[in-house]
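Welcome, and take a moment to look over the chain before reading on. The report below walks through a helix, a charged patch and some backbone angles.

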Amino acid sequence: MESDTIVAISTAMSNAGIGIVRVSGDEAIRITNSIFQGCDLEKAESHTIHYGHIVVGNETVDEVLVMLMRAPRTYTREDVVEINCHGGVYVLQKVMEAVLSAGARPAEPGEFTKRAFLNGRIDLSQAESVMDLISSTNEYARKSSISQLNGALSKEIKALREKVLYEIAYIESALDDPEHISLDGYPEHLKEVVEPVISDIQKLIDSADDGSLLKNGINTAIVGKPNAGKSSLLNALAKKERAIVTDIPGTTRDTLEEQILIHGIHLNIIDTAGIRETEDVVESIGVKKSFEMMEHADFIIYVVDSSTPLDENDFAIMERIKDEKAVILLNKTDLTSVVTEDMIREHSSHKILPISAKNLTGLDALEEEIKHLFFHGDLRMNDEVYITNERHKYALVSSKKSLELVLRSIEDDMPEDFYSIDLMDAYKSLGDIIGESVEDDLVEEIFSKFCMGK
Ligand SMILES: Nc1nc2c(ncn2[C@@H]2O[C@H](COP(=O)(O)OP(=O)(O)OP(=O)(O)O)[C@@H](O)[C@H]2O)c(=O)[nH]1
Ligand SMILES: [Mg+2]
């Protein structure tokens, strides 16, 4: 396939030791050669590195190393030249301008990866994982995206599609040639094929919740009565004095956010105003906000001051969180306690952990509980495929719906050609994930989300 030659600065737009200007396309080598002094790049072998200078007219723009890679063993499967420059933003822009004036055009965001997809080196789900990998901020997000890049998800989707396609082909052939291929007893067989496919798809859909938490972090709200030690807990987890802590109840008026990392999992922690009936206008707005934060949280940490008797406010909070993912921390266990675990257990079935935010005890158990609640105690990530992309989840949900229609048609004794329509829909939806049946505009949409130079 013929393609015009594109260029972009592929490294960060800030001053650094080195920076890379990447060129890809049929003319990549000729164009670079026309502004390069050092050797004749057009005669050079593939996958070699050359020292020289970028020169425009009489002026030397930069001293560079040029990496030359001929198609097809390249990122885009086209000829690719990477010019390793000194990493100043201005220098990089000058080198890029030189390449542009020699005949390339600026790349669109994501265009290099788009070419890798269009040229068949990677499929769509792999292409998407490139951006996820770049933007991953923790170990699990990184592992999940590199495994998707390596084709783990594609492999699973392809296997499911193959099963569906086989049945479509079988039905079509049988309808074409009823004398030789019989459909007697076929509906029962089809049911046995479709049911496990649906359950595999459901597993992938379920993994999307974990996937989204891996990618975006767990939105965690710390709630409790005034003075319970919520801000002290935030500080203990963040390992810094993030929030103001005083012995005056009602210290925290507004919500405060902090990102922390626990065993490679991001928590977006929100400290809230202590919850109580109050006449104070500012404080009551804070209390209202605390309840709003609970609405949006994936996880609620309810802090109880064990040195102060439980009251109506505690019961209200426990009622509010009873169906949420939550944990109860019995704080200030370093003091004489008036609240016991049993007293709380009468009102709540959530896990209760004794801690001291002041002495930093009990926090390990909290971390364990988070892992347990969100990742079933276990984040293996080695062979598991996580769905981290809304588009993939949507496609899985539609394919599942189509397959459920197949089961319904079987129940209702519908004619066989009914099955193939829904099987085909399921096949197409699964294909959307790996880009086998996507419309061009969908491709445009996906790649426009990419950053420059990738
Ligand atoms: N002894 C002891 N004191 C604690 C502990 N945790 C917090 N405190 C104290 O309790 C008081 C209140 O702590 P904060 O962290 O400000 O409580 P809060 O829940 O954020 O309070 P509001 O913002 O008013 O809702 C402070 O004097 C803390 O030093 C603990 O584990 N043990
Ligand atoms: Mg506070």
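The expected span of a helix is 1.5 Å times one less than its number of residues. Helices (H or I, at least four residues) and strands (E, at least two) are DSSP runs, numbered from the N terminus. This is a predicted model, where local features need pLDDT of at least 70. Residues are numbered from 1 along each chain as its sequence is written.

Let us begin with helix H7, which covers residues 186-216. At 1.5 Å a residue, its 31 residues should span 45 Å, and the end C-alpha atoms are 45 Å apart, so the two agree. H7 also bends by about 30 degrees at Asp209; the bend is the angle between axes fitted to the seven residues ending there and the seven starting there.

Glu188 sits in H7 and belongs to a negative surface patch with Glu192, Glu411, Asp412 and Asp413. Patch residues have over 30% relative accessible area and no salt bridge, with like charges joined within 9 Å. Accessible areas use the Shrake-Rupley method with a 1.4 Å probe, and a salt bridge is a side-chain nitrogen of Lys or Arg within 4 Å of a carboxyl oxygen of Asp or Glu.

Now for the backbone. Most residues other than glycine have a negative phi, and most peptide bonds are trans.

| Place | Angle |
|---|---|
| Gly217, just after H7 | phi of about 90 degrees |
| His47 | phi near 55 degrees |
| Ala71 to Pro72, cis | omega near 5 degrees |

His47 lies in the loop between strands E3 (36-37) and E4 (48-56), while Pro72 is in the loop between strands E5 (59-69) and E6 (80-87).

Terms used:
Chains are lettered from A and ligands numbered from 1 in the order in which they are written. This is a predicted model: local features need pLDDT of at least 70, side-chain atom pairs count only at pLDDT 80 or more; totals for chains, interfaces and linings use all residues. Side-chain values use heavy atoms; hydrogens and water are left out. Patches are made of residues with over 30% relative accessible area and no salt bridge: like charges are joined within 9 Å, nonpolar side chains (Val, Leu, Ile, Met, Phe, Trp, Tyr) within 5 Å. Lys and Arg count as positive and Asp and Glu as negative; His and the chain ends are not counted. The place of a charge is taken as NZ of Lys, CZ of Arg, CG of Asp or CD of Glu.
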